[in-house]
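Colleague: I am new to this structure and should be grateful for a close look at a single part of it. Please choose one place, describe it in detail, and then follow the connections from there to other parts.

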Amino acid sequence: MGRINRIWRVGLAVLPVAVVAVLGAAPPALARQAPSIVVGDGVTQPVFGYADAIRERLFIDSTFDSDSDGLRDIIAFDLIRPKATADGLKVPVIMDASPYYSTICRGNESECKVDMDGDGLLDKWPLFYDNYFVPRGYAVILLDMVGTNNSTGCPTTNANQDNLSAKQAVNWLNGRATARNAAGQVVEADWHNGRTGMIGKSYDGSLAMATAVTGVKGLTTIVPISGPTEYYDYVRSNGVVTRGNSYVAYLANAVTNPERRDYCKPVRDAMAAADGDETGDYSPFWGERSYVKRADRVKASVLLYHGLNDDNVRPDHFSKFWYELAANDVPRKLWLSQEGHVDPFDSRRSVWVATLHRWFDYWLHQVPNGIMDEPRVDLERSADVWETHADWPIPGSTETEVFLQPGSGGAGGLKLVPVQKAVTQTFADDPAQSQNTMILDPETVRPSRLAYLSEPLRAPVHVSGTPVLKLRAAVDKTDTNLGVILVDYGTAERVAHRASGEGIVTLQTQDCWGETSPTDDGCYRQTAKRVVTADLELVTKGILDAQNRQSLRRATPLVPGQRYNFEFPLLPEDYVFQPGHRIGVIVVGSYPQYSSEVDPNRATIDVALKTSHIVLPIVGGTPAAHAAGL
């Protein structure tokens with residue numbers, strides 16, 4: 001009967017229209033209908049198989065030649081899609097482009113791509129995206145960035161070749177590029193519905209943003225998780241080198257397959273020669289690695305996630321990109337957590353998966369689930385205590401000047417009005433001073449710092465945004481570094497983001513997300529928050545090379561003894577100082593736990609307090625600060 005049905009369908013398909021009219025329409029049981037997704041309770045349902053899903057490995061000739069061998073690099077990717085796509089099901093793609101699939105690997109459990117039987121197809125897929133989304137009517141692509149795993153060429157650490165790797169796959173999905181299988185046969189994406197989303201953490205997140213800022217057609221949404229957006233800020237901060245020794249070359253080496261590292265050494269050497277470690281200044285080398293400067297080209301919606309206490313990819317990466325997305329009215333949402341460099345799958349798992357599911361359903365399957373009508377921002381206030389807000393910075397956040405005040409033998413003060421008389425305070429840069437020495441015992445006079453404390457607060461002070469320090473100071477050398485730390489002095493339970501795990505503990509128990517196959521079960525170890533009761537919290541910090549006070553592109557030596565205005569941002573923050581706590585501002589020179597470079601001059605810095613102040617983005621502005629006793 002199966003053969004008869006097939007013959008009937010083929011035969012009917014070629015009958016003239018007039019004959020079809022005479023015979024009548026085909027019986028319902030014989031009408032061939034393309035399969036479709038199923039939506040229930042507002043989300044796509046797992047009605048497609050996972051074990052029987054179609055798995056492919058494909059290769060695209062790129063548009064670039066990273067290793068200068070005269071041949072265009074080949075970008076490889078692994079693809080899994082529902083079996084029903086062979087019968088007419090049209091599905092979108094969720095793509096995670098990464099340099100890590102064969103070296104550092106992915107997720108809290110460091111999963112690599114694994115081909116167990118040597119047939120050239122993946123048996124073990126890292127992360128849960130395939131297990132969860134393929135049964136719900138999605139295809140998943142795990143793409144090997146240029147120079148990594150099965151792709152040819154050499155990594156360039158967020159230069160154009162890295163940045164354009166995933167665009168090649170988006171072009172193929174939309175009929176603008178050619179992909180082949182291992183046998184050299186051309187493969188078309190005739191099952192694709194025209195919409196692609198990208199997701200990934202850290203480097204993977206940066207590649208999602210890199211693809212979005214090309215404005216490529218067919219990229220509908222991105223979900224960058226803790227990804228660098230301005231690579232200068234990953235290895236520099238306001239002229240100070242924070243990761244030196246040619247870190248870009250180091251990272252390129254780390255993600256290259258060991259057997260290709262010698263081959264790619266000339267590419268790394270060229271990066272090391274051009275990165276400007278000797279000055280820390282901004283140059284075209286870094287402009288190529290900036291997504292913030294090209295955010296006006298983004299056409300995709302953005303669901304952005306970042307840990308406010310991420311000391312790997314620091315929070316200014318999310319904030320600068322977020323500010324530009326807002327300026328260009330890009331559809332967007334934001335999650336901010338209290339952890340460090342931690343994936344939301346490992347910090348708020350069930351809510352994150354549900355949110356991701358609805359996000360992709362809305363943007364890629366066009367399911368009208370109302371997710372864009374909900375508050376724009378999810379923010380973790382304390383361990384597992386989340387709030388929602390209309391935007392970030394929190395509406396009502398206002399730049400509020402808080403002036404440094406002289407003290408009598410101990411710490412100085414913090415007030416909303418400047419000191420009336422001209423007063424100066426002096427400290428000496430100590431390049432060996434530890435962070436603990438800087439922030440502990442603020443009422444103890446130390447020659448290598450200046451400390452300023454508010455009175456115990458009478459009401460909460462909510463800081464939301466990017467603080468800025470403005471100092472009027474003279475230096476007795478031609479250069480120095482300057483640093484500032486904003487501290488909450490007061491006992492409270494806090495997320496232990498500086499401990500092992502960066503705020504989480506990985507447990508022995510597991511839970512499972514999605515369907516299974518004999519080689520891939522989609523199960524992951526659960527986590528819990530790691531908390532600590534502490535007497536203080538380092539809230540945020542900032543540094544500046546004084547020679548870059550006017551420009552990050554050009555260093556201008558100081559004239560010893562001449563006063564200058566120094567202005568530089570701290571890392572963005574959303575933090576509530578509680579009643580009874582004291583706000584602390586610590587001013588230092590070199591900051592060795594923030595930077596790999598310290599200034600060798602051991603300068604003496606003379607600060608004029610009358611105009612020196614910190615600008616805090618306080619929700620409620622001056623009235624709220626005044627009510628708290630500032």
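Modeller: Let us start at asparagine 245, which counts as exposed because its relative accessible area of 76% is over the 50% mark. Please bear in mind throughout that this is a predicted model. Asparagine 245 belongs to the loop that runs between strand S12 (240-241) and helix H8. Its backbone deserves attention: phi is near 55°, a positive value in a residue that is not glycine. Most residues other than glycine have a negative phi.

The loop leads to helix H8, which spans residues 247-255. In contrast to the exposed asparagine 245, Tyr247, Val248, Ala249, Leu251, Ala252 and Val255 of helix H8 are buried. These buried residues of H8 pack against four other helices: H6 (203-212), H7 (231-235), H9 (265-274) and H10 (284-287).

Of these partners, H6 merits a closer look. Each of its residues is buried, 10 of the 10, so H6 is largely enclosed by the rest of the structure. The buried residues of H6 include Tyr203, Asp204, Gly205 and Ser206, as well as Leu207 and Met209.

H6, H7 and H8 also meet at another feature, the largest pocket. Each of these helices supplies at least two residues of its lining, as do strand S9 (192-201) and strand S24 (504-512). The largest share, three residues, is contributed by H6. The pocket has a volume of about 730 Å³. Its lining is made up of 36 residues, and those nearest the pocket centre are Arg106, Gly107, Lys201, Ser202 and His341. By type, the lining comprises 17 nonpolar, 11 polar and eight charged residues.

Strand S24, which takes part in that lining, leads to a further loop. Aspartate 520 lies in this loop, between S24 and strand S25 (523-529). Is aspartate 520 buried or exposed? With a relative accessible area of 1%, aspartate 520 is buried, because that value falls under the 20% limit. Leaving aside neighbours within four places in sequence, aspartate 520 is in contact with Tyr50, Asp123, Lys124, Trp125, Asp130, Asn131 and Glu515. Separation in sequence and in space can be stated together for a pair that includes this residue: aspartate 520 and threonine 466 are 54 residues apart in sequence and 43 Å apart in space, C-alpha to C-alpha.

Two loops elsewhere may be set beside the one at asparagine 245. Aspartate 329 likewise has a positive phi, about 55°, although it is not a glycine. Its loop connects helix H11 (316-327) with strand S14 (332-337), and aspartate 329 is exposed, with a relative accessible area of 64%. The other loop, between strand S16 (385-389) and strand S17 (397-405), holds proline 393. A cis peptide bond joins tryptophan 392 to proline 393, with omega at about -5°. Most peptide bonds are trans.

Returning to the helices around H8, one of the partners of its buried residues is H10 (284-287). Close to this stretch of the sequence, arginine 289 lies over the face of phenylalanine 285, at 3.9 Å from the ring centre. A further arrangement of this kind places arginine 332 over the face of tryptophan 322, at 5.3 Å from the ring centre.

Aromatic rings also associate with one another. The whole structure contains 27 aromatic pairs. Tyrosine 564 and phenylalanine 566 form a tilted pair, with 6.0 Å centre to centre and 50° between the planes. Both partners are buried, tyrosine 564 at 12% and phenylalanine 566 at 1% relative accessible area. In the pair of tyrosine 575 and phenylalanine 577, the ring centres are 5.0 Å apart and the planes stand at 70°, so this pair is edge-to-face. Tyrosine 575 and phenylalanine 577 are both buried as well. One aromatic cluster, finally, has among its members Phe128, Tyr129, Tyr132, Phe133, Trp513 and Tyr524.

How values were computed
Residues are numbered from 1 along each chain as its sequence is written. This is a predicted model: local features need pLDDT of at least 70, side-chain atom pairs count only at pLDDT 80 or more; totals for chains, interfaces and linings use all residues. Side-chain values use heavy atoms; hydrogens and water are left out. Buried means under 20% relative accessible area, exposed over 50%, partly exposed in between (1.4 Å probe, protein chains only). Contact means heavy atoms within 4.5 Å. Rings of Phe, Tyr and Trp (its six-membered ring) pair if their centres lie within 6.5 Å; planes under 30 degrees apart count as stacked, over 60 as edge-to-face and the rest as tilted. A charge sits over a ring if NZ of Lys or CZ of Arg is within 6 Å of the ring centre and within 35 degrees of the ring normal. On a 1 Å grid over the protein atoms alone, a cavity is a set of points where a 1.4 Å probe fits but cannot get out, and a pocket is an open set with protein on both sides within 12 Å along at least five of seven lines; lining residues have an atom within 4 Å of a point. Grid points are joined across faces, edges and corners, and a volume is the space filled by probe spheres set on the points. Ala, Val, Leu, Ile, Met, Phe, Trp, Tyr, Cys and Pro count as nonpolar, Asp, Glu, Lys and Arg as charged, and the others, Gly among them, as polar.
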